[in-house]
Amino acid sequence: MICYRAKTIPKDCTDTVRIHGAMVHIQRQKVGKGSRRLLVCPCCGKGRLHLYVHQDALMCRECLPFDLYQYRRNMYDSGGTELLKWNMHKLLASVGIHQYKYPFDYLAHAFDRPRYMPHEKFSRIMKKVQMLENMRFAVNFAGKRFNAAEIKYYISDEFLQQYDFLDLRSRVLFATEGECMSRLR
């Protein structure tokens, strides 16, 4: 998908510009002390920061026949494992672990602590990653679903300080639907 941005248009273009073989009007929107240049969508006529090419036609994201950001929204709304994996990857990258297998086992990486990192911080991060793995297990094998707020709660320091590694899996697998949400309120 080719995207044309209003920012990339040369300053000397004032009224129209040729984009992908079509003449597109430039609109100015007053902001603060200056103005912002917008591309006028050939389909709907609205000023847009981005225009996309779909089947050799320029369109804004509202005119496109599909949802341009579906892949992003799906990660948060589905309650599946994608958000859990993304959080695991982000935490493991913060301690320099880039090669790991699923199911994740913290014991396999117990001695991978970076030299500059205190033991307590490394242990806390590994506990969060193991909690995310427990949640991933619950999604895959017990049919549980977790929204972003629940994931944030379960990997918070407040929650993790209450339990040791052995108790974490049972806290996720046997938690009732309302238990986490009542604590979030």
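The following exchange between a biologist and a modeller goes through the strands, cores, pocket and backbone of one predicted model.

Biologist: What kind of model is this, and how are its residues numbered?
Modeller: This is a predicted model in which local features need pLDDT of at least 70 and side-chain atom pairs count only at pLDDT 80 or more, while totals for chains, interfaces and linings use all residues. Side-chain values use heavy atoms, with hydrogens and water left out, and residues are numbered along each chain as its sequence is written, from 1.

Biologist: Which strands are the edge strands of the open sheet?
Modeller: Strands here are DSSP runs of E with at least two residues, helices are runs of H or I with at least four residues, and both are numbered from the N terminus. Two strands pair if DSSP finds at least two bridges between them, and in this model four strands form an open sheet in the order 2-3-4-5 with antiparallel pairing. Those that pair on one side only, and are therefore the edge strands, are strand 2 (16–19) and strand 5 (47–48).

Biologist: Which residue in strand 4 stands opposite Ile26?
Modeller: Strand 3 (residues 22–31) and strand 4 (residues 34–40) are joined in the antiparallel sense over six bridges. Opposite Ile26, the residue in strand 4 is Leu39.

Biologist: Which helix gives the most to the largest nonpolar core?
Modeller: A nonpolar core is a set of buried Ala, Val, Leu, Ile, Met, Phe, Trp, Tyr and Cys residues joined through side-chain atoms within 4.5 Å. Of the 29 residues in the largest one, Met131, Leu132, Met135, Phe146 and Phe159 touch the most other members. Helix 2, helix 3 (119–142), helix 4 (148–154), helix 5 (157–160) and helix 6 (165–173) each supply at least two residues of this core, and the one that gives the most, with nine residues, is helix 3.

Biologist: Is Asn87 buried or exposed?
Modeller: Asn87 has its place in helix 2 (residues 82–94) and, leaving aside residues up to four places away in sequence, is in contact (heavy atoms within 4.5 Å) with Leu132 and Ile151. Buried means under 20% relative accessible area, exposed over 50% and partly exposed in between, with a 1.4 Å probe and protein chains only. Because its relative accessibility is 11%, Asn87 counts as buried.

Biologist: How many residues of the lining of the largest pocket are charged?
Modeller: The lining consists of Arg5, Ala6, Lys7, Lys11, Ser35, Arg36, Arg37, Leu49 and His50, and strand 4 gives the most to it, with three residues. Under the classes used, Ala, Val, Leu, Ile, Met, Phe, Trp, Tyr, Cys and Pro count as nonpolar, Asp, Glu, Lys and Arg as charged, and the others, Gly among them, as polar. The lining thus divides into two nonpolar residues, two polar ones and, as charged residues, five.

Biologist: Where is the cis peptide bond that leads into Pro103, and what is its omega?
Modeller: Pro103 has its place in the loop between helix 2 and helix 3. The cis bond runs from Tyr102 to Pro103, with omega near -5 degrees.

Biologist: Is Gln55 buried or exposed?
Modeller: Gln55 is found in the loop between strand 6 (50–54) and strand 7 (57–59), and its phi is near 50 degrees, a positive value in a residue other than glycine. Because the relative accessibility of Gln55 is 70%, this residue counts as exposed.

Technical notes. On a 1 Å grid over the protein atoms alone, a cavity is a set of points where a 1.4 Å probe fits but cannot get out, and a pocket is an open set with protein on both sides within 12 Å along at least five of seven lines; lining residues have an atom within 4 Å of a point.
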